Amino acid sequence: MFHLENDSEYTDLLGHDSQQLPWITSPLLYSKGLSDAAGCQVYMKLDNHQPSGSFKSRGVGNLCLKAVQSRLSSSSPRLPSSKPLKFYSSSGGNAGLAAVAAARSLGCTCTVVVPETTTQLMMDKIRAAGGEVLQHGESWGEADEYLHALMKMEADTEEGVYCPPFDHEDIWEGNSTLITEILSQLPPGPPPAALIASIGGGGLYIGLQLGLDTHSLSSTPILAVEPTGAASLAYSLSHGSNTPFPKITSIATSLGARRVADRAYELASQRGNVRSVVLTDAQAAMGCVRFADEERILVEAACGVSLAAVYGGYVKKLLPEVREGDRVVVVVCGGSNVSLELLEAYKKTYSNDPSAQCVLKRQLININVFDIPRSNSHIIPITAPSTPPAV
């Protein structure tokens, strides 16, 4: 039997006082609807309840917290800096929102530079959270370059801290707290038989794997789910190296990292516990719609793609060893780029898409293997083929 006595142990792991954390212990709830669709006992780790609306509050929050603690505990003989601490982010999505929420909770300010493609919805949410929003450039790269130039210009008056969206050890450490929470919240019994999570740049996946390692559960299967138009991990695994994805075209823009973190590729390609799954935008969208209908919770498409993997019957298809009584946890990573109007638009656009019928009606469609990115739905096993597929 594996069971933690309380849910505060993860704070000891990071050495933080739980009263000071920029994130919360999110709920873990059993879902009858997801369980019926998966054929096992499915629990939802509801990180959509985080202060920023997504799991990003953990990793980005941990990075911000460590920056504040480092300044307060500095052993430097120099006098402490009189300049105020300020955080900077170039993410117009959930990472930027998490940086603003974390900075505010720590008594600091945050500037977010976003590209011109960022939606007004997200810019309004970042401002409403207390952040300064600047628009610059046509791409994230141009926005990020401008952000670093801005940090240099303000260096005389601000002590700046850069907040990357996913590729940083402090971010992975923060995300690893998910595992300790899950183990403390599950009813007494064995640990999860599998985890299900969406993959963007890989920060969430790395955190989950590191958390499993900490608790001697390294072999726990992880379904790493991506949409066809942003399948950067699957693409790299199929090519046998961390290869940039040709072009991000998915509606799940929060997963739009063309290249995953090197550490994410290293772990996924060397561990035998990862099952890489690629679904369509239609499936991701209707995963959001069905989740809203059944659980009364709104999540964006980046999260909906993982829910679609459950609703579509892929758990049993990919993990035949999982039995009816086994517990599986899906990380409801959340996301703020969603509204009732957007879900209605998803219904009109995708409800009749052939690939989405398995999500809506529980009819598993055929799966093509190693056909990136043309197929409607496919699985990329952990072991890449000797000859990479044509793209």
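Student: What makes helix H4 count as mostly covered?

Tutor: In this predicted model, 10 of the 12 residues of H4 are buried. Those residues are Asn94, Ala95, Gly96, Leu97, Ala98, Ala99, Val100, Ala101, Ala102 and Ala103. Each of them is called buried because its relative accessible area is under 20%.

Student: How do you know that the length of helix H4 is close to what is expected?

Tutor: Helix H4 spans residues 94-105, and the distance from its first C-alpha to its last is 16 Å. The expected span is 1.5 Å times one less than the number of residues. For the 12 residues of H4 the expectation is 16 Å, so the computed reach agrees closely with it.

Student: Why is methionine 123 called buried or exposed?

Tutor: The relative accessibility of methionine 123 is 5%, and the limit for a buried residue is under 20%. Methionine 123 is therefore buried. Its place is in helix H5, residues 120-128. The C-alpha atoms of methionine 123 and leucine 97 are 9.1 Å apart, although 26 residues separate the two along the chain. Leucine 97 is itself one of the buried residues of H4.

Student: What makes helix H9 largely enclosed by the rest of the structure?

Tutor: Of the 8 residues in helix H9 (residues 232-239), 7 are buried, and the helix is therefore largely enclosed. The buried ones are Ser232, Leu233, Ala234, Tyr235, Ser236, Leu237 and Ser238. After H9 comes glycine 240, with a positive phi near 80 degrees.

Student: How many residues of H12 are buried, and what follows from that count?

Tutor: The count is 11 of 11, so H12 too is largely enclosed by the rest of the structure. Among its buried residues are Cys303, Val305, Leu307 and Tyr311. Glycine 313 follows H12 and has a positive phi near 85 degrees.

Student: Why is the contact between aspartate 36 and lysine 32 called a salt bridge?

Tutor: The side chains of aspartate 36 and lysine 32 meet with an N to O distance of 2.8 Å. A salt bridge requires a side-chain nitrogen of Lys or Arg within 4 Å of a carboxyl oxygen of Asp or Glu, so the pair qualifies. About one helical turn separates the two residues, because they lie 4 residues apart in helix H2 (residues 32-38). At 52%, lysine 32 is exposed, and aspartate 36, at 42%, is partly exposed.

Student: What do glutamate 154 and lysine 86 tie together?

Tutor: Their side chains meet in a salt bridge of 3.2 Å, N to O. Glutamate 154 is in the loop between H6 and strand E6 (159-162), whereas lysine 86 is in strand E3 (residues 85-89), so the pair links parts 68 residues apart in sequence. Both glutamate 154 and lysine 86 are buried.

Student: How do you know that arginine 271 forms a salt bridge with aspartate 213?

Tutor: The closest N and O atoms of arginine 271 and aspartate 213 are 3.0 Å apart, and the limit is within 4 Å. Arginine 271 lies in the loop between helix H10 (262-270) and strand E9 (274-279), and aspartate 213 in helix H8 (residues 203-214), so this bridge connects parts 58 residues apart in sequence. Arginine 271 has a relative accessible area of 23% and aspartate 213 one of 25%. Both are therefore partly exposed, which is the class between under 20% and over 50%.

Student: How many salt bridges does the structure hold, and which residues are linked in a network?

Tutor: The structure holds 14 salt bridges. Lys45, Asp47, Arg58 and Glu181 are linked in a network of them.

Student: What makes glutamate 142 eligible for a surface patch of negative charge?

Tutor: A patch takes residues with over 30% relative accessible area and no salt bridge. Glutamate 142 is partly exposed at 37%, so it passes the accessibility cut-off. The patch gathers Glu116, Glu138, Glu142 and Glu145, and glutamate 142 itself is in helix H6 (residues 140-153).

Student: Why is serine 216 called buried or exposed?

Tutor: Its relative accessible area is 66%, and exposed means over 50%, so serine 216 is exposed. Serine 216 lies in the loop between H8 and strand E8 (222-227). Its phi is positive, about 55 degrees, although it is not a glycine. Arginine 296, a residue other than glycine, has a positive phi near 60 degrees. Arginine 296 sits in the loop between helix H11 (281-295) and helix H12 (301-311) and, at 68% relative accessibility, counts as exposed.

Notes
Residues are numbered from 1 along each chain as its sequence is written. This is a predicted model: local features need pLDDT of at least 70, side-chain atom pairs count only at pLDDT 80 or more; totals for chains, interfaces and linings use all residues. Side-chain values use heavy atoms; hydrogens and water are left out. Patches are made of residues with over 30% relative accessible area and no salt bridge: like charges are joined within 9 Å, nonpolar side chains (Val, Leu, Ile, Met, Phe, Trp, Tyr) within 5 Å. Accessible areas come from the Shrake-Rupley method with a 1.4 Å probe; for residues, only the protein chains shown count as cover. Lys and Arg count as positive and Asp and Glu as negative; His and the chain ends are not counted. The place of a charge is taken as NZ of Lys, CZ of Arg, CG of Asp or CD of Glu. Buried means under 20% relative accessible area, exposed over 50%, partly exposed in between (1.4 Å probe, protein chains only).
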